[in-house]
Amino acid sequence: MAARHRLANLTRRGNIFYWRARVPSAFASNQRSHLALSLRHGDHTKAKSMVRRLNMLLAELAEEDRRA
């Protein structure tokens, strides 16, 4: 994998990018500790922007969990 793909939770399988992130402990069930989502894009620029947005949503969920 090339260094330019090194963005948190961004992985590439073939020519499709995926978002794979750990589930916050409050939401984790016994079976799944990660979420995996196909971004359905082969374009690195679009995948990067989608991953940044997903990472922000996940961070907001984790922050709300810490406050509660």
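This is a short talk on the fold of one small set of elements and a few of its residues, in a predicted model.

I'll start with the overall layout. The protein has 68 residues, and 24% of them count as buried. It contains three strands and one helix. Reading from the N terminus, the order is β-β-β-α. The accessible surface comes to about 5300 Å², and carbon and sulfur atoms account for 48% of that. If you take the contacts between residues at least 6 apart in sequence, 44% of them join residues at least 24 apart.

A word on confidence, since this is a prediction. The average pLDDT is 84, and 84% of the residues score at least 70. Among the elements, E2 has the highest mean, 92, and H1 has the lowest, 89.

Now the strands. How many bridges join E1 to E2? Four: strand E1, residues 10–13, runs antiparallel to strand E2, residues 16–22. One of the pairings is Thr 11 with Tyr 18 in E2. The two strands make a hairpin, with two residues between them. Gly 14 sits in that turn, and its phi is positive, about 65°.

E2 also pairs with E3, which covers residues 34–38. That pairing is antiparallel too, over five bridges. Here Arg 22 has His 34 in E3 as its bridge partner. So much for the strands.

Let me stay with E1 for a moment, because Arg 12 lies in it and is partly exposed, given its relative accessible area of 37%. A polar atom of the Arg 12 side chain lies 2.9 Å from the backbone oxygen of Gly 14, the glycine in the hairpin turn. You can also look from Arg 12 to Leu 39, which is 27 residues away along the chain. Their C-alpha atoms are separated by 9.8 Å.

Next, the helix. H1 spans residues 44–67, and Asn 55 is in it. Is Asn 55 buried or exposed? It counts as buried, because its relative accessibility is 19% and the cut-off is under 20%. What does the side chain of Asn 55 do there? It makes a polar contact of 2.9 Å with the side chain of Trp 19. Leaving aside residues up to four places away in sequence, Asn 55 touches Trp 19, Ala 8 and Asn 9.

That brings us to Asn 9, which is in the segment before E1. Asn 9 counts as partly exposed because its relative accessibility is 27%. Its phi is near 75°, which is a positive value in a residue other than glycine. Why point that out? Because most residues other than glycine have a negative phi.

There is another residue of this kind to look at. Arg 40 is not a glycine, yet its phi is positive, about 55°. You will find Arg 40 in the loop between E3 and H1. With a relative accessibility of 73%, Arg 40 counts as exposed.

To go over it once more: E2 pairs with E1 over four bridges and with E3 over five. From the helix, Asn 55 reaches Trp 19 through a polar contact between side chains, and Asn 55 also touches Asn 9 in the segment before E1. That is the end of the talk.

Definitions and conventions
Residues numbered from 1 in each chain as written. Predicted model: local features only at pLDDT ≥ 70, side-chain atom pairs only at ≥ 80, totals over all residues. Heavy atoms only, no water. Buried < 20%, exposed > 50% of the residue type's maximum accessible area, 1.4 Å probe, protein only. Contact = heavy atoms within 4.5 Å. Areas by Shrake-Rupley, 256 points an atom, 1.4 Å probe, with all protein chains shown as cover. Pairing = 2+ DSSP bridges. Polar contact = N/O pair within 3.5 Å; in protein donor to acceptor, adjacent residues only side chain to side chain. pLDDT = per-residue confidence, 0-100.
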